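The exercises below ask the reader to work through helix packing and a pocket, one step at a time. Please look over the sequence and the structure before trying each task.

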Amino acid sequence: MSEETGRRSRLFGPRFYALLIAVVLLVYLVMMGSRAVTMLLSGRPLVIVLGVAVLVLPVLGAVLVADQIRFGVRTQRLAGKLADEGTLPDHSHLPLRPSGRVRREAADEWFEQKRVELEREPGDWRAWFALAQAYDLAGDRNRGRQAMRKAIDLEQRDHVRG
């Protein structure tokens, strides 16, 4: 991979697209919020009720986006911490399908290894981080996110104690 290609892939990576989506959503939320305020100031009861409903959606959307961004930042911080320690889980050796995803059998085997490691150290955020990655590779994103949230919580408790 050339230096320019590497630079481009870093520039247009997942973080860039997450930021782009957040900006587009922010513009949408501001526009909807503006419309809701106009409706609230109309003085007509039915339009005011609709204005309240329209206002709830942008507020709820903003809260959800903020939560997802906070989750991503915390996950990235943990990955950086593991990389600095030299303990970031490495699954680059696992065989890939033509799509680029890890072969199912290999992902299941890697998941089982990480599950066993977690059973040995259930209070270790690093083990939960590795399990979250294993869930993701196995295609279970919901459990992966739950495991990552557990890793974040445990790391924060360790940080507060330390």
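**Exercise 1.** Is the crossing of H3 and H6 left-handed or right-handed? Describe also how the two helices are placed and which residues meet.

*Solution.* Bear in mind from the start that this is a predicted model.

Step 1. The crossing of H3 and H6 is left-handed.

Step 2. The axes of H3 and H6 come within 10 Å, and they cross at roughly 65°. Angles of 65 to 115 degrees count as roughly perpendicular, and therefore H3 is roughly perpendicular to H6.

Step 3. On the side of H3, the contact is made by Asp-67, Gln-68, Phe-71, Arg-74, Thr-75, Arg-77, Leu-78 and Lys-81, while H6 brings residues including Arg-145, Met-148, Arg-149 and Glu-155.

Step 4. Sorted by class, the contact of H3 with H6 has five nonpolar, three polar and seven charged residues.

**Exercise 2.** Work out how H5 and H6 are oriented to each other, and describe their contact.

*Solution.*

Step 1. H5 and H6 pack with their axes 8 Å apart, at an angle of about 165°. An angle over 145 degrees counts as roughly antiparallel, so H5 and H6 are roughly antiparallel to each other.

Step 2. The crossing of H5 and H6 is left-handed.

Step 3. Among the residues that H5 gives to the contact are Trp-125, Trp-128, Phe-129 and Tyr-135, and among those from H6 are Arg-141, Gly-144, Ala-147 and Leu-154.

Step 4. By class, the contact of H5 with H6 has ten nonpolar, one polar and six charged residues.

**Exercise 3.** Describe the packing of H2 and H3, and the classes of residue in their contact.

*Solution.*

Step 1. The axes of H2 and H3 lie 8 Å apart, and the two helices pack at an angle of about 160°; H2 and H3 are therefore roughly antiparallel to each other.

Step 2. H2 passes H3 in a left-handed crossing, and the residues of the contact of H2 with H3 divide into 18 nonpolar, four polar and one charged.

**Exercise 4.** Characterise the largest pocket by its volume, its lining and the helices that supply the lining.

*Solution.*

Step 1. The volume of the largest pocket is about 1100 Å³.

Step 2. Its lining is made up of 30 residues, and Pro-14, Gly-72, Val-73, Thr-75 and Gln-76 lie nearest the centre of the pocket.

Step 3. Two or more residues of this lining come from each of helix H2 (14-40), helix H3 (45-85), helix H5 (125-137) and helix H6 (141-161), and H3 gives the most, with nine residues.

Step 4. By class, the lining has 17 nonpolar, eight polar and five charged residues.

Notes: Residues numbered from 1 in each chain as written. Predicted model: local features only at pLDDT ≥ 70, side-chain atom pairs only at ≥ 80, totals over all residues. Heavy atoms only, no water. 1 Å grid on protein atoms, 1.4 Å probe; cavity = no way out; pocket = protein on both sides within 12 Å on 5 of 7 lines; lining within 4 Å. Points joined across faces, edges and corners; volume = space filled by probe spheres on them. Helix = DSSP H or I, 4+ residues; strand = E, 2+ residues; numbered from the N terminus. Nonpolar A, V, L, I, M, F, W, Y, C, P; charged D, E, K, R; others polar. Axes fitted to C-alpha atoms, helices over the stretch in contact; angles between N-to-C directions. Parallel < 35°, antiparallel > 145°, perpendicular 65-115°, else oblique. Left-handed = near helix turned anticlockwise from the far one by under 90°. Contact = heavy atoms within 4.5 Å.
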